[in-house]
Amino acid sequence: MINVHALAASLIRFARRRTVLVVSAAAALATMALVPPDGAYLGYFDLKTLSCLFGILAVVGALRGIGVFEHAARVAVARFATCRSAVVALVGATLVLSMFATNDMALIMMLPLSAATLLRAGWERALPFAFIMQNLAANLGGMILPFGNPQNLYLYERFAIPLGDFLAVMAVPFAASVLLITACCMLFVKPVPPRSPAQGAARPEPADAPRVDDRRRPRALAYLALLALVIASVFRLVPYPAALAVVVAALVVLDRRALRDVDWGLLLTFACFFVFAGNMARIPAAEGLLSGLMDRSALLVSVGASQIISNVPAAVLLSHFADGYQALLVGVNIGGAGTLVASLASLITFSHYRTVRAAFPRRPELARQTARGFLAKFTAYNAAFLAALLLVCWPLA
């Protein structure tokens with residue numbers, strides 16, 4: 001006999017963990033009632049985007065599994081002796097990782113390292129600020145490359161954007177983001193040294209890092225070669241079906257867990273939003289409304305939509321109503337700053353902060369910084385960044 005209460009509890013947990021997937025599936029089903037499935041549905045799915053995203057997620061997962069990113073980040077961070085320099089290193093490493101490993105992966109890898117480093121050195125007061133800056137670095141740092149954020153990968157393929165044009169469009173908002181993040185880290189973090197071991201903290205050492213030993217080094221090189229292959233397919237240098245086949249075949253032999261642990265929920269979310277966006281483009285009333293709004297200001301509409309439905313689905317939906325890609329591309333990238341739901345990666349940051357705070361209830365500095373207070377501070381910084389970036393990018397409006 002089915003335990004109704006247990007089933008309901010499981011469904012609630014799944015909905016909380018996969019809120020955007022549930023919403024995207026509901027949105028797709030709702031539009032299917034207005035546009036019944038037909039042959040045109042097959043044209044909704046951007047197979048190259050899904051293939052390249054899968055390849056990046058799988059290979060990055062394999063690299064993460066053998067400790068490549070964590071080792072590199074720990075060694076870099078351990079070279080700094082003050083709270084300010086450590087926060088700058090942590091945030092900078094997150095930004096660089098987001099360019100290659102996507103914003104979600106960068107945060108999943110770097111937030112635990114930040115918490116361990118700052119708590120061990122007695123710098124827990126800086127933890128909320130570091131998490132907020134890392135979140136901004138992950139969401140805004142990945143904008144400079146086509147595969148840095150999922151929405152970039154989609155728009156890069158959707159509009160067949162030349163790489164040089166992509167870099168030219170994103171150079172100014174990216175540079176402005178880096179300057180703002182650096183300025184905040186330098187202004188709002190004090191250069192205090194770590195507490196001594198007698199005070200309950202010690203400086204992090206490079207030996208703490210998971211080491212890529214001689215046995216794992218050949219595997220790391222193989223994974224880096226696979227990542228280069230996927231990137232080449234993104235840049236249209238290699239046919240994406242061939243790159244996908246090589247990645248799958250290699251990981252079946254080298255690391256099947258990396259294939260199993262791919263974020264299938266993100267891929268399914270993309271598929272649901274492809275259906276939703278495709279159907280919306282075939283509903284006359286919706287097509288007329290969104291086309292009119294995009295004609296008035298594609299930048300403001302894409303930023304605003306990102307605040308409500310997050311930037312990835314906003315990119316998929318609004319791409320059907322955009323005459324050009326420039327304002328939309330910039331809008332959904334800077335739109336990752338703002339509300340907690342503006343980027344899916346922000347939910348990872350908030351969840352991890354609550355986890356860390358609950359794990360160290362006796363740390364007075366953390367006890368005083370509640371989850372509600374963190375959210376207020378998070379929203380304030382994100383709103384300020386979004387306003388500044390809108391001013392910088394206003395000519396595109």
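Student: Which residue forms a salt bridge with Glu157?

Tutor: Let's start by saying that this is a predicted model. A salt bridge needs a side-chain nitrogen of Lys or Arg within 4 Å of a carboxyl oxygen of Asp or Glu. For Glu157, the closest N and O atoms are 3.3 Å apart, and the partner is Lys48.

Student: How many residues apart in sequence are the parts that Glu157 and Lys48 tie together?

Tutor: Glu157 belongs to helix α8, residues 150–158, while Lys48 sits in helix α3. Both Glu157 and Lys48 are buried. Their pairing joins parts of the sequence whose separation is 109 residues.

Student: How many salt bridges does a search of the whole structure find?

Tutor: You have already met the pair Glu157 and Lys48. Another one joins Asp261 and Arg260, with closest N and O atoms 3.6 Å apart. Searching the whole structure gives a total of 3.

Student: Which residue forms a salt bridge with Asp38, and where does that partner lie?

Tutor: The closest N and O atoms of this pair are 2.6 Å apart, and the partner of Asp38 is Arg282. The two are 244 residues apart, with Asp38 in the loop between α2 (19–34) and α3 (47–65). Arg282 lies in the loop between α13 (264–280) and α14 (284–309).

Student: Is Arg260 buried or exposed?

Tutor: Good one to work through! Exposed means over 50% relative accessible area, and buried means under 20%. Arg260 has a relative accessible area of 56%, so Arg260 is exposed.

Student: How does Asp38 count, then: buried, partly exposed or exposed?

Tutor: The class in between runs from the 20% limit to the 50% limit. Asp38 has a relative accessible area of 34%, and its partner Arg282 has 36%. Asp38 is therefore partly exposed.

Student: How many residues of helix α15 are buried?

Tutor: Helix α15 covers residues 311–318 and is mostly covered. Among its buried residues are Asn311, Pro313 and Leu318. What covers them includes α8, α13, α14 and α16 (326–334). The count of buried residues is 8 of 8.

Student: Which residues form a nonpolar patch on the surface with Val253?

Tutor: Val253 lies in helix α11, residues 240–254. At 69% relative accessibility, Val253 counts as exposed. The patch has about 240 Å² of accessible area together, and the partners of Val253 in it are Val252 and Leu254.

Methods:
Residues are numbered from 1 along each chain as its sequence is written. This is a predicted model: local features need pLDDT of at least 70, side-chain atom pairs count only at pLDDT 80 or more; totals for chains, interfaces and linings use all residues. Side-chain values use heavy atoms; hydrogens and water are left out. Helices (H or I, at least four residues) and strands (E, at least two) are DSSP runs, numbered from the N terminus. Buried means under 20% relative accessible area, exposed over 50%, partly exposed in between (1.4 Å probe, protein chains only). Contact means heavy atoms within 4.5 Å. Patches are made of residues with over 30% relative accessible area and no salt bridge: like charges are joined within 9 Å, nonpolar side chains (Val, Leu, Ile, Met, Phe, Trp, Tyr) within 5 Å. Accessible areas come from the Shrake-Rupley method with a 1.4 Å probe; for residues, only the protein chains shown count as cover.
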